[in-house]
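Work through the exercises below with the model open. Try each task before you read its solution.

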Amino acid sequence: MNLRYLASRLAQGLLVLWIAFSLSFFLLYWLPGDPVITMLGAGGELQSFDPAEVARLRAEFHLDQPLIVQYLFALGNLVRLDFGTSIQAGTPVTEAIAAALPSTLALAALALGLALIIGTVIAVTATLTRRPWLRDTLAALPGLGVALPTFWVGLMLLQVFSFRIPLFPAVGTGTPAAIVLPAVTLAIPLSAIIAQVLFRSLQNAWIQPFVTTYTASGYTRLRLLLRQALPVALLPTLTMGGVLFGQALAGSVVVENVFSRQGLGRLAQTAVTGQDIPLVQGIVLFAAAVFVLVNLITDLTYPLLDPRLRAARRKLESTSGNTLAEASDRADGSAGASPAGSTAVTAAAGSTATATGIEGARA
Amino acid sequence: MTTIASPAAGSITSPRRRSRFALAALAAGSLLLAGCSGSAAADGDNVTPQNGGTLKVAYDVDPTCLDGQQAGQNVTLNITRQITDSLTDQDPKSGEIKPWLAKSWDVSDDAKTFTFHLRDGVKFQDDTNFTSASVKENFEAIEDLGAKASLGQTYLDGLKSIATPDKQTVTFTFDKANAQFLQATSTMNLGFYASKTLKQTAEQRCTGDDLVGTGPFALDKVEHNKAISLTRNDDYDWPSSLAAHEGPAHLDGIEFSIVPEASVRNGSLLSGQVDVDTSVQSQDEKTLEAQGLDIVSRANPGVVYNLVPKATGTIASDKAVRKALIKGIDREQLKTVVSEHQAPATSVLAKSTPQYEDLSDLLAYDPDGAKKLLDDAGWKEGADGIRAKDGKKLKTTLTYWQDAPFLELVQQQLREIGFDLQLEKKTIAEVTALQAEGKEDFTFGNLTRSDADILRNYFGADEQNANARKPGEVDKVLARTTETLDEDERKADFTEAAKLILDEGYSIPVVELTGIVGTGKNVHDFTFEASSRYQLYDTWLGGEH
């Protein structure tokens, strides 16, 4: 890969950030409400305010300027990496995000890890089993997992495993045990996505000629699946990393509320209801930046993970090796996520990420 | 109807011991706060308070700003009350002002000069001394905060000078009579912080870093959307004269965790993971009581939940409409949709306000009277049952953010008299912005203060002027209340003002706002101070959850 490619990808990333910033700025401006009045009326009880004081505070936050001036001002601050101060809490935005980040990262990482295990187990079992009823049941699970409201799942888990059987604490982030139920709750929709995609691509891989070849050379179904078909099928699944990361972040809003956890989701929710514009923008930009980064890393490392390259490196002498390479090519393409395709759509749809992308979310 | 028990402890009766305490309270002749009911006093022999333990309190919302001088949020003020003390304290039963950091005070007859004589040996949690200079410094800081300390500003309205002749004496001089100031000195909005707190910017103080008071608990750690922990101030030796004990607090500490989901708070309380749920939903009350847990409640003093008409509004400007709304609400029926611990309004002021007087005869349900008023004013019923006049429909949209499901019943009741009340629940941000614009016919809300001066402050044409009306008869009566320190006279004046306000239909009272708190069986002496915020100095933990 050359520098020119890298520079163009970085420029694309910056473009995405600028669009995210501008969209969120104008959206927040368009919302009814006045952040200064909101801040002063934080008690919620009816109050009237000294107009002079309100005007002074509006000036302090540059809210008295024309929209375009406010926008340019905010953009200027952004370029200088000054994200401003939360209107409601008085803390710098970067500090507020930094305080909320570790708990959300721990939650998202654990949930993604769990989801990967659950999703793989479901897909592999559904592919391997010779019992139609089991296959049909397992194949229906992802649909159910996506359809179940996260909110409800969380409350049910709490009801059973915290209130009835006191295994896990219901409140807070204090102990390691407190992360278990939230992570399981968040993992359910994520594992459903993984299981769905993986099951499809496993089925695709399963009908490829190389499977027949391996079966003929005496491979057992399990060994064949784990050693040959799964690596081929995982690649398109792992390109879902970006989507999964987005899902995890969106899911954290609900999960963090149900489980009373500190985190980015809760922070975003309170910032939006309180119209804390600098804080909302900080969170939007942060999420967009991580998203861009995840996709960039995905695209840059994709060739390293491509099985065709690995296959070439191993310099397989047997004819079956060539068949494998061809087969993987086809299997890959059929899942609609070839490296070239992913690069083209990354910036806009942000639909690609690899295993590295998931690790990126963890770090 | 039960009453608050021992005045000194301010503790609250449990259903088991209600009759005995009620008798004691009757004997004390203190029925002022009838309507408060509650919990968690003592179990059998276990009456000696025990020391130790951390009280785990579940909050529903995060206190965004932790500085009690700036904030008006109950969640903040409940914490402020534990970490700061005030010059005076107000007896939640009688409304009387009692000594705290000031051991005595003198007020001039014109209610313009207030001199406080401070207690000796009071220290801030950073070991600096609390003196008259601290009082001056704090009150000046509140003035400097401007609109950010909107409650403080109204309390200090007209303050001309603060003199400190010696370390234990401080004199406030106002340029006009300000009788409400004495009660204001008992509020946590006028609680005291150390010099190092006051040197910070308003924003820094909000974060809770170095928020140092003189109170029985010190702010230890603030983690937004997670928990706020307080630890006991072991040097504390200057409780209010209303407190039940001396020396440091019983509890080792208090942890406020933020649990937004009502069902999670309820489940956590039932399973003993928290000791106190500060916001019990009415549907959960029965479950808690069935499990033997206690419900503690006290109506917020001040202006009740009410519809406030604007004289500038298109239909609210018609007095007949305003008066018809008062008559058109069946407040008895509202009892069926609110908590059994919450009462329908019987005046503009809640029962827990010291100067409260029952005006329920002015709020009687009279749908026929309401219809007649509207008929006479030319509002004729249309085909859809909604009245109209000169092609203008008798219809308004009320925006609100509060958890107020009873408004839906009000909506049905008003439809009976041909009034179309449309309800729109929005976020606080949107509602406050709409209210600031002032274009709506009616607003909805309440105002908490343990003094009827809130009437003057809120409805007075020279003050907030919530009705956006021209000065009138009521303003003369309200002005009179600032000049007298005689409580009987003040009560008579405020009652007259409340009657005038209702007579003009400037307030359409609905129900009282009551915080409903669930406590575990191990929680004893969980008490409310006069403004219905928590006073946890005497609270202790003991026995099984």
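**Exercise 1: a helix pair across the chains**

Leu155(A), Leu158(A), Gln159(A) and Phe163(A) in α7(A) touch Ser263(B), Val264(B), Gly267(B) and Leu270(B) in α8(B). The model is a predicted one. Task: classify the contact residues, then state how the axes of α7(A) and α8(B) cross.

Solution.
- Step 1. Sort by class: the contact of α7(A) with α8(B) has five nonpolar residues, three polar and no charged ones.
- Step 2. Take the axes: those of α7(A), residues 150-164, and α8(B) come within 11 Å. They cross at roughly 5 degrees.
- Step 3. Apply the cut-off: angles under 35 degrees count as roughly parallel. Therefore α7(A) and α8(B) are roughly parallel to each other.

**Exercise 2: the chain contact**

Task: find how many residues each chain gives to the contact, and which element gives the largest share on the side of chain B.

Solution.
- Step 1. Count: chain B supplies 48 residues and chain A supplies 46 residues.
- Step 2. List the elements of chain B that give two or more residues: α7 (202-207), β10 (253-258), α8 (262-270), α14 (428-437) and β19 (442-448).
- Step 3. Pick the largest share: α14(B), with seven residues.
- Step 4. Split this side of chain B by class: 19 nonpolar, 23 polar and six charged residues.

**Exercise 3: two domains in chain B**

Task: give the bounds of the domains of chain B and describe their contact.

Solution.
- Step 1. The domain assignment gives domain 1 as 2-12 + 28-44 + 51-297 + 515-541 and domain 2 as 302-512.
- Step 2. Over C-alpha atoms, the centres of domain 1 and domain 2 of chain B are 30 Å apart.
- Step 3. In chain B, 23 residues of domain 1 contact 20 residues of domain 2.
- Step 4. The domain 1 side of that contact has ten nonpolar, twelve polar and one charged.

How values were computed
Residues numbered from 1 in each chain as written. Chains lettered and ligands numbered in written order. Predicted model: local features only at pLDDT ≥ 70, side-chain atom pairs only at ≥ 80, totals over all residues. Contact = placed C-beta atoms within 7 Å. Helix = DSSP H or I, 4+ residues; strand = E, 2+ residues; numbered from the N terminus. Nonpolar A, V, L, I, M, F, W, Y, C, P; charged D, E, K, R; others polar. Axes fitted to C-alpha atoms, helices over the stretch in contact; angles between N-to-C directions. Parallel < 35°, antiparallel > 145°, perpendicular 65-115°, else oblique. Domains from an automatic or database assignment.
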